[in-house]
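Colleague: I've got this model open and would like a close look at one part of it. Pick a pairing between strands, start there, and then walk me outwards to whatever surrounds it.

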Amino acid sequence: MQVFGLVGTPVEHSLSPPMHEAGYEAVGLDARYVTFEPAPTDGARAVRAAGTLGVSGLNVTIPFKEDVLEAVDPAPLAARIGAVNTVDFATDPPTGYNTDATGLVRALGHHGVALEGTAVVVGAGGAGRAAAFALADEGLAVQVANRTVATAEALAAEIEGATAHGLEALPDLLPGADLLVNATSVGMEEDRSPVPAAALHGDLAVLDAVYTPLETRLLREAADAGARTVDGAWMLLFQGVEAFERWTGEAAPVDAMNAALRGRL
């Protein structure tokens with residue numbers, strides 16, 4: 001039996017175990033997905049210990065995505081983003097990937113969103129970095145909007161052609177944009193949107209990384225404006241799909257994993 005899992009603190013409410021185990025069952029793989037919750041300073045040690053114990057693959061979540069870089073050989077995209085959320089122990093040292101980035105791209109592709117033109121990424125934290133690098137690699141012109149402009153400027157400086165802005169610039173940025181990604185937590189705890197509704201339009205595709213609730217205020221207002229919308233559970237699903245495929249070498253049963261995920265939301 002193969003063992004895969006998740007390292008983070010806290011992890012008790014993670015949706016990854018049912019999603020991945022539904023995938024193993026669907027393809028007939030003898031495997032389990034378990035969770036590990038080390039002390040906040042022990043992320044890298046936990047990854048090394050998992051490898052010693054024969055764990056085949058790990059997902060990594062907060063607060064360890066940056067810490068575990070020292071325990072893996074990061075793939076080029078993960079190294080540029082500066083964060084790892086998937087570890088594959090098939091190599092020595094283990095390889096670290098950022099499937100948040102590839103999951104975003106696959107979620108958009110699944111919904112027929114053309115990856116071209118200009119993308120506005122709201123937020124310059126971990127999710128914002130993953131989104132900005134991934135979309136720039138797909139050829140989009142990236143505009144980063146963040147509450148703290150200096151953080152947006154630091155991120156934009158790492159990406160060729162990217163520009164940095166404060167949130168107050170959104171009404172000017174969005175009319176010319178083709179894609180909007182909310183990479184902040186705004187909309188999770190209360191019915192708020194990080195984007196003024198008047199700036200949304202029908203030629204826009206909008207992905208909100210928030211998945212609880214599935215229908216955020218941003219997505220409601222975007223749909224009202226005629227935009228194509230993608231909820232955050234699709235990004236969560238496809239980062240898991242990407243990890244599943246890297247670990248197992250098999251095509252992931254997307255429908256089964258999606259059903260298990262949404263059954264818990």
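**From one bridge outwards**

Modeller: Let's start with Asp88, whose bridge partner is Thr95 in strand 6. Bear in mind throughout that this is a predicted model. That bridge belongs to the pairing of strand 5 (residues 86–88) with strand 6 (residues 95–97), which is antiparallel and has three bridges.

Now zoom out a step. An open sheet of six strands runs in the order 2-1-3-5-6-4, and its pairing is mixed. Strand 2 (31–36) and strand 4 (73–74) are the edge strands; each has a single partner strand, so one side of each lacks a neighbour in the sheet. In that order, strand 5 sits between strands 3 and 6.

Strand 3 (57–60) leads us to the largest pocket, since it supplies at least two residues of the lining, as do helix 5 (126–137) and helix 9 (232–248). Helix 9 has the largest share of that lining, with four residues. The pocket holds about 1100 Å³ of space and has 34 lining residues, with Thr61, Ile62, Lys65, Tyr211 and Leu236 nearest its centre. By type, the lining is made up of 17 nonpolar, 13 polar and four charged residues.

Helix 9 turns up again in the nonpolar interior. The largest nonpolar core counts 53 residues, and those with the most contacts inside it are Leu104, Leu108, Leu135, Leu179, Leu207 and Leu237. Helix 9 contributes ten residues to this core, the most of any element. Take Leu135 as a way in: setting aside neighbours within four places in sequence, it touches Leu104, Leu108, Leu115, Ala119, Val121, Leu140, Val142, Leu179 and Val181. Apart from that core there is another, of 18 residues, including Ala145, Leu180, Val206 and Leu219.

You'll have spotted that Leu179 and Leu180 have come up with separate cores. Strand 10 (residues 179–182) shows how they are arranged: Leu179 and Val181 point one way, Leu180 and Asn182 point the other, and all four are buried. The side chains that point with Leu179 therefore deserve a second look in your viewer, but let's follow the backbone for now. Strand 10 pairs in parallel with strand 7 (residues 118–122) through four bridges, and Ala119 is the residue opposite Leu179. With strand 11 (205–208), strand 10 again runs parallel and is joined by four bridges; here Val181 has Leu207 as its bridge partner.

Strand 7 also pairs with strand 8 (residues 141–146), in parallel and over five bridges. One of the matched pairs there is Thr118 with Ala141. Strand 8 is mostly covered, with five of its six residues buried.

The far end of strand 8 takes you to another pocket: Asn146 is among the residues nearest the centre of the second largest one, together with Arg147, Leu167, Thr184 and Val186. This second pocket has a volume of about 250 Å³. Its lining has 13 residues, which split into six nonpolar, five polar and two charged.

Next, go back to the loop leading into strand 7. His111 is in that loop, between helix 4 (99–110) and strand 7. It counts as partly exposed because its relative accessibility is 23%, and the partly exposed class lies between 20% and 50%. Beyond its neighbours within four places in sequence, His111 contacts Arg228, Thr229, Val230 and Trp234. Thr229 is 118 residues away along the chain, yet the C-alpha atoms of the two are separated by 8.7 Å. Trp234 falls within helix 9 (232–248), so to speak the helix we keep running into.

Finally, two prolines to check while you have the model open. The peptide bond from Thr9 to Pro10 is cis, with omega near 0 degrees, and Pro10 is in the loop between strand 1 (2–7) and helix 1 (16–27). The other cis bond to look at runs from Thr212 to Pro213, with omega near 10 degrees. Pro213 is in the loop that joins strand 11 to helix 8 (217–224).

Definitions and conventions:
Residues are numbered from 1 along each chain as its sequence is written. This is a predicted model: local features need pLDDT of at least 70, side-chain atom pairs count only at pLDDT 80 or more; totals for chains, interfaces and linings use all residues. Side-chain values use heavy atoms; hydrogens and water are left out. On a 1 Å grid over the protein atoms alone, a cavity is a set of points where a 1.4 Å probe fits but cannot get out, and a pocket is an open set with protein on both sides within 12 Å along at least five of seven lines; lining residues have an atom within 4 Å of a point. Grid points are joined across faces, edges and corners, and a volume is the space filled by probe spheres set on the points. Ala, Val, Leu, Ile, Met, Phe, Trp, Tyr, Cys and Pro count as nonpolar, Asp, Glu, Lys and Arg as charged, and the others, Gly among them, as polar. Two strands pair if DSSP finds at least two bridges between them. A nonpolar core is a set of buried Ala, Val, Leu, Ile, Met, Phe, Trp, Tyr and Cys residues joined through side-chain atoms within 4.5 Å. Buried means under 20% relative accessible area, exposed over 50%, partly exposed in between (1.4 Å probe, protein chains only). Contact means heavy atoms within 4.5 Å.
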